[in-house]
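Q: Please take a close look at one part of this model: the cavities and what lines them. Add the sheet as well.

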Amino acid sequence: MSTHPTATPLTPELIHGALEVERTDRGLLPHRLPALARARNTDPQLAMAESQPSGVHLAMRTRATVIELDTIPTKRHYAGAPPRPDGIYDLRVDGGLTAQGTVGQGDVLRIDVSTGTFTPVRGEPGTVRFEGLEERVKDVRIWLPHDETTELVALRTDAPVQPIAVSERRVWLHHGSSLSHGSNATNPTAIWPVIAADQGAVDLVNLGLGGSALLDSFTAAAMREVPADLVSVKIGINLANADLMRLRALGPAVHGFLDTLRQGHPHTPLLVVSALYCPMHEHTPGPGAMDMDALKEGRVAFKATGDPNDPTRLTLTNIRRELERVVAQRADQDQNLHYLDGRELYGEADFAELPLPDGLHPDTPTHRRIGERFAARVFAPGAPFAT
């Protein structure tokens, strides 16, 4: 077989895990929210998060020994912060992690958190190359960087490829914050939802949206239309650190979000997960802010700036209490609705052993612990998502 790859049609059928694929002037851009939801949104943080392909991957059957993928990633440059590492592409062959790569070129998004400005700078495509693969028919999946917007420009292989047919595995639709998005994990298959999906033998559609699990009605409407066998929503940390609403509004907003989900998934197992343990917001409300003293030392950290003496403000403690109340109230008429306290996935003892490096986001070992615990508590026999 020739080791000189030739152009292979790059079609939406090869892309798994996205809700929509947009054709741009440069290639294909996977989206994790559909156009209608994007049109309803006015927040640049959410626009950035939904375009980052967490859980999205190319899936193909091929005998190829060499695969090249041209992409245009968007590099995020935060004013005053140290440079971020390039996003990682994970190559899985027949389910096993076989190789990794990066693309150094691409667009740049300059972000100033002090002013809330997002300034895009257009760049050039780059190439990630995988070679030395076994010359046999195999299941090849290229997982895109979970936190780096990625336009797909061209695909080259040294053997024909075929899209992988829809699997017979159950589809798990999950929505959450940057923790579900994968923040601070090193690579796309090391984020906790992928780890949990692997162990639960399900296909993941990940709507973990960094900074944006805010009970938006258009997110619920998008989830309503997604075919899924299992649905979960992880609620809490963004409501606290965004300081978006007061306690009076929380219960009705959760009811409305769940009502919309039930319109499209009336009997699907539905799991509400509260926030993981996070000391900065357990008893102190938002707004959350970047710790400028830490930034002067060359590291990124966050802090809570709200008034802990205001009982109307949202903290993780009163959010968990309200979520548990809402789910208990609804569960009398909804036997497929379940609640999981996020501290069962990562609690105070875990923080003592595996602290959050920036005070907010888990690192790769902690993502693994969370994913394994989720699988054990949610996918095991007798659990909410049991077969």
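The answer below takes the cavities, then the sheet.

A: This is a predicted model. The structure holds two cavities of 30 Å³ or more.

Start with the largest cavity. Its space comes to about 60 Å³. Leu179, Lys234 and Ile237 are among the lining residues. Ala275, Leu276, Tyr277 and Cys278 also belong to this lining, as do Tyr346, Leu356, Leu360 and Pro362. By class, the lining has 10 nonpolar residues, no polar ones and one charged.

The second largest cavity has a volume of about 40 Å³. Ser177, Ala213 and Asn238 are among the residues that line this cavity. Its lining also includes Lys234, Ile235, Gly236, Ile237 and Ala275. Here the classes divide into four nonpolar, three polar and one charged. Lys234, Ile237 and Ala275 appear in the linings of both cavities.

Now the sheet. Five strands form an open sheet, ordered E16-E15-E17-E18-E21, with parallel pairing. Strands E16 (203-208) and E21 (337-340) stand at the edges with a single partner strand each, so one side of each has no neighbour in the sheet. From one strand to the next, the twist averages 15°.

Strand E15 covers residues 171-176 and is joined to E16 by six bridges. The two strands run parallel. In this pair, His175 of the one strand stands opposite Leu207 in E16.

A helix crosses this part of the sheet. Helix H4 (residues 192-200) lies across E15, E16 and strand E17 (230-234). H4 runs at about 160° to E15. Strand E17 ends at residue 234, and Lys234 lines the largest cavity and the second largest.

Conventions. Residues are numbered from 1 along each chain as its sequence is written. This is a predicted model: local features need pLDDT of at least 70, side-chain atom pairs count only at pLDDT 80 or more; totals for chains, interfaces and linings use all residues. Side-chain values use heavy atoms; hydrogens and water are left out. On a 1 Å grid over the protein atoms alone, a cavity is a set of points where a 1.4 Å probe fits but cannot get out, and a pocket is an open set with protein on both sides within 12 Å along at least five of seven lines; lining residues have an atom within 4 Å of a point. Grid points are joined across faces, edges and corners, and a volume is the space filled by probe spheres set on the points. Ala, Val, Leu, Ile, Met, Phe, Trp, Tyr, Cys and Pro count as nonpolar, Asp, Glu, Lys and Arg as charged, and the others, Gly among them, as polar. Two strands pair if DSSP finds at least two bridges between them. Helices (H or I, at least four residues) and strands (E, at least two) are DSSP runs, numbered from the N terminus. Axes are lines fitted to C-alpha atoms, for helices over the stretch in contact, and angles run from 0 to 180 degrees between N-to-C directions. Contact means heavy atoms within 4.5 Å.
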